[in-house]
Structures are given as structure tokens and as C-alpha cells.
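This report looks at unusual backbone geometry and at the contact between two chains. Please keep the sequence and the structure at hand while reading.

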Amino acid sequence: MVFGVILAGGIGSRMGNVEKPKQYLTIHNKPIIIYTLEKFFTNAQLEKIIVLCPNAWIAHTKNLVRRYLGETDRIVVIEGGATRNETIMNSISYIEEHYGLDDDTIIVTHDSVRPFVTHRIIDENIRFAQEYDACDTVISATDTIVESVDGKIISDIPDRRKMYQGQTPQSFKALKLKEIYQALTNEEKEILTDAAKIFVLKGQKVHLVEGETFNIKITYPYDLQVAHSLLEVNGKC
Amino acid sequence: MLNTVYRLVAPRRFEIAFTDVNLFGGEVLVRPTHLSICNADQRYYQGTRDAAVLAEKLPMALIHEGVGEVAYDPTNTFAVGTKVVMIPNRPVETDPIIPENYLRSSKFGGSSCDGFLQEYVALKPDRLIELPHDINMNVAAFTELVSVSMHAVSRFARIAHARRETIGVWGDGNLSYITSLLLKKTFPNTKICVFGIVREKLADFTFADETYLTNEIPEGFTMDHAFECVGGNGSPIAIGQIIDYIKPEGTISILGVSEYPVQINTRMILEKGLRMFGSSRSGYDDFLRTVTLYRENPEVLDYLSNLIGVQMTVRTVKDLTEAFEADTRKMFGKTIMKWEE
């Protein structure tokens, strides 16, 4: 079974003076999280879509789903964890409890604030996770990446041709991710905030999925303006 | 739902746009899988349409020949995953006399509204027809073009007088190939003669009874009716020859698109008492007849598969441009894009 896992745990601390978590802000009167959910909702390969959000926002999220997508049992809203990985683990626990976990259980984890994800990206995530156990959506780096250990002096400038920028979805065989995560020490868990990185550090292959430059993460007020201007409300017909 | 639309914004330049599709607007979401490039698309892409037309119509998503799979259907008409052909004509009214493709109010994807170059295409259920599950989707991709021939042949069957011993078809391109094939299937006892200018192309019309180069038409040749599938600059020559060779009371079906007005020999039209009728595009009934033909005569699909020229997988705007450029270089056949974006 393939599950969509929408990570809506962020509280929007980078979004300036807004009060709401950024995934609940609207673009042309529709919350960002709904645009993202619609993309997963219309992909028939996904058995269920699990939305993980802060406890205080669960009722609100459920109301939004009901308002925009109607009564549906394909979307469930549950509480996220303290960290990104703990949130993903909560989704795996939910799946294990309700459907059981086996080698064919795939989770497609995605930021709720990346509404421009495409059908192809989701399909390829499912395909590569099935084939390689784990995959990560990326785009080639267009800017040169500069490393600085102390934040003052450049310590390295890696070869840009080998550099990619990470997006989401990141997709995994759920059972394998759970096993690897549980084997980490508490210290490791604190440092390893990215699920794909856990795989890499444990010597597991993570396949690349080609993302899109427009698959932006709406993080700053500027991104929200970009998203507004990208979207035409009405099609041309 | 956010939908990615690939629009031509200027000749040879595609850009991405996003629209919001209402998931509960009574439309089925189709994921296009195989799209076919038509000459009409090329006229926009290369900028050979009139500048005023380009200014009025662009930006616009091209492509009106395509098939796909149902991704989401709030109307419960189709099961998810059903293979369907998409009908580009979008009527907004019905008329007891005038078919949907001739109603001036109808919209047409890739001409008066966005075509199928989209992540998802949202269409009313009556704009979709289920395809056989095992059909060759590369062939099915240009069903729209086949339905245009089907439309013309059906109209001909209604309009032309009943003596149909010989029908001449002018043109050696895709439309001529399909029209000749459908004529042979519809009227198996009629002699189908095809006239073209490239011997190599005519050699592929193996189902036709006779093929001729237009400068080697045998003396004394004549025919009851004719189809013009030439278009462009060749239109006046083809129509002129047809009028010369056709018997009195014959019917001439015009299918070729010409950018410029064509002079025709009206004196001989009058003297021979000819009928001339035009056909353009197609509607639901023509698509249905075409898909029924596929089901009942699978060998038609084999013949049509000979038209597949270039096949390209398209995942990016760059791939899209390359597919259109490849299509400009091909001599014969259809360019099919396996749509994976």
C-alpha cells in the first residue's frame, strides 16, 4: 500500500508577522495545504493520505478538508511529532496500527507548503521508492554552493555540477525507515533531521527524482507573493 | 487543484502557467499519456498564422489530438485508470440541424481555448470516450484526426449520389492516408484511387486500388466523386484537377486547410453540376464511430500504426520544444509525444 504523508507541523516562524502556520495561509482564497492535498487526493495510487499537524490545528485542518474536499475517508488528520522525523514516525505508527506494515508499504512524505508538486513527481517517487527503498526529489543547483564552517570564511566551494537542491516528496519503504530510525541513538536522532540523510548515513541508496524549479516551498512572505502571481484562478476556456 | 499548463506564448517558446481546477465542477480529470502534433499546432508553433491571429490566441496550450487515463472522476462515469480519447470540441449549445463542430459558439482546445498540453485535462464526461484497454496508445493518440476523416466520409455518404464506382482522393499525406483507408472500409466495393506527388509516400497506400502521381494521371481516367486532402499551396492545383477529372453530378469533399483564398473553376462546376462541400473537425458521434471502427476492425489500427513517424518522451519544456522541432523535420507520419511531465 502507498500512503501520502503530508507534513504540516511547522508553525511558520519564518513567515514574518503572520499568526497562522504558513500552510493555512491562502492563495486566491484557498489554503495552501488544500492545494497540496488536492494533488495527493487525485492520485489514485495513494490509498490514504495522512496529514500531520500541531494538535491545536487538528480540528481546523479536518474542517478545511471537509469544506474543500467533502466527506472522505481517504484523508486522515493526526498529530505530528516534535521533530520532522518524529512526525514521520507518527505516520508510520498510524499505518502500522490500522493497516499493518510490510515490505510493500510506501510512504510519500511531502511538505504541506509545496502545493506546486506535480503528478509526475509523485508517480516517480512511488516508483523509485518501490524499486530502491528510498528516494528524494531534487533539482540541479543553479547557484554555486558555498560552505562555511564558521559563517565568516569560506571553507569549501563544492563542484556545482554535483550539487542538487532538495525538495519534497521524499519517499521510503516505511518498514525499513522505521527500523533504521529506531536503531539511531538519541543523539543521532537530534542531529539527523532529514529522513533521507538517515538512509544515506546508514549506507543505504537513495535514488534521485527530478523535481521542478516551480515546486517551491512557501516559507517566506516573498514565496507567498510568487505563488499568488504564478496562479491564474481561471483556466483559458 | 493546481494544474500545470504548458502554453505557447510566442512562436517557438513554451512557458508554464498554473490554473486552479475545481474538483467538484462535474468534470473528469484525465492524465494525458500520448499526445500527437497536428499541422495546425505547427502553424502556431512556427508562427506561420497571421500575426493578428497569433496575437489574439496566444498564450495558449496547443494539442488537440490526445489520449490519456482517467485520474479522478467525481461524476462516477469512468473508473480510475480507464483509457480514454479526449474530444477537443466543447459545445455550449445544441442545434437540431447544425452539428457541434460547426456551431460558432463551440470552443476548441488548442484553437479557441487551452489544448491538451497540460498536467491534467478537465473535461465533461461527454467529451471522453472509453478506448479498448489493449489499444496501441501511440495510434489512439491521433484518433481526433481519424474522426475528422470519419466525419467527412459520413457526410459524403449522406450527400453524394449513390453511384460510387470510383472515388479519387487527392493528397499523399496523413489525412489522405486515413481518408482513403476509411473510404475503403466504408465502401469496400468502390475503387479508391489516390493521387499524390511523392512516389515513396504513395507506395504506402497498399489498401488503395490504384495510386498515381498527379502528373501521370492516365488519359481517360474519370471518377464519380473525389476528396481533396491537400490543403496549403497545393489546394488550387488539386481542386483544379479534381474538377477536370470528375464526372458530372459528382461530389467533391474539401478537407485540406488553406491559409489563403483559392481560385476555383466555377464554370466547370456549373457545367458538370458538381457539388462541393467542406468538412472541418468532428464531434462526439464521429469519435464514437471511430472507436467502434477500432473495436470491430482492429486491422484499421495496424494500417494506422504505419503513420507513426517520430515518438518522443516529453518530461520537460525542453523536450517539448525538441518534439515540435523533430516534427518539422519529418517527411511523413505523425509525431507522438509520450507525455510524462
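What follows treats the backbone first and the interface second.

This is a predicted model, in which local features need pLDDT of at least 70 and side-chain atom pairs count only at pLDDT 80 or more, whereas totals for chains, interfaces and linings use all residues. Residues are numbered from 1 along each chain as its sequence is written, while chains are lettered from A and ligands numbered from 1 in the order in which they are written.

**Backbone geometry**

Most residues other than glycine have a negative phi, and most peptide bonds are trans. The table lists departures from that pattern.

| Site | Feature | Value |
|---|---|---|
| Thr168(A) to Pro169(A) | cis peptide bond | omega near 15 degrees |
| Leu58(B) to Pro59(B) | cis peptide bond | omega near 0 degrees |
| Asn29(A) | positive phi | near 70 degrees |
| Asn76(B) | positive phi | near 55 degrees |

Secondary structure here follows DSSP runs numbered from the N terminus, with helices (H or I) of at least four residues and strands (E) of at least two. Pro169(A), which follows the cis bond from Thr168(A), lies in strand β8 of chain A, residues 164–173. Pro59(B), by contrast, is placed in the loop between α2 (51–57) and β4 (60–61) of chain B.

The residues with positive phi are placed in loops as well: Asn29(A) lies between β2 (26–27) and β3 (30–31) of chain A, and Asn76(B) lies between β5 (65–72) and β6 (83–86) of chain B. Exposure is judged from C-beta atoms placed from the backbone, a residue being buried if 20 or more others lie within 10 Å of its own, exposed if 12 or fewer, and partly exposed in between. Asn29(A) counts as exposed because it has 7 C-beta neighbours inside 10 Å, and Asn76(B) is exposed, with 8 other C-beta atoms within 10 Å.

**The interface**

Taking two residues to be in contact if their C-beta atoms, placed from the backbone, lie within 7 Å, 25 residues of chain B are in contact with 20 residues of chain A. On the side of chain B that touches chain A, two or more residues each come from β1 (2–10), β2 (13–20), β3 (28–36) and β5 of chain B, and β2(B) gives the most, with five residues. The residues on this side of chain B divide into 13 nonpolar, three polar and nine charged, where Ala, Val, Leu, Ile, Met, Phe, Trp, Tyr, Cys and Pro count as nonpolar, Asp, Glu, Lys and Arg as charged, and the others, Gly among them, as polar.

Strands pair if DSSP finds at least two bridges between them, and two bridges join strand β10 of chain A (residues 231–232) to β2(B), the two running parallel. Within β2(B), Thr19(B) stands opposite Glu232(A).
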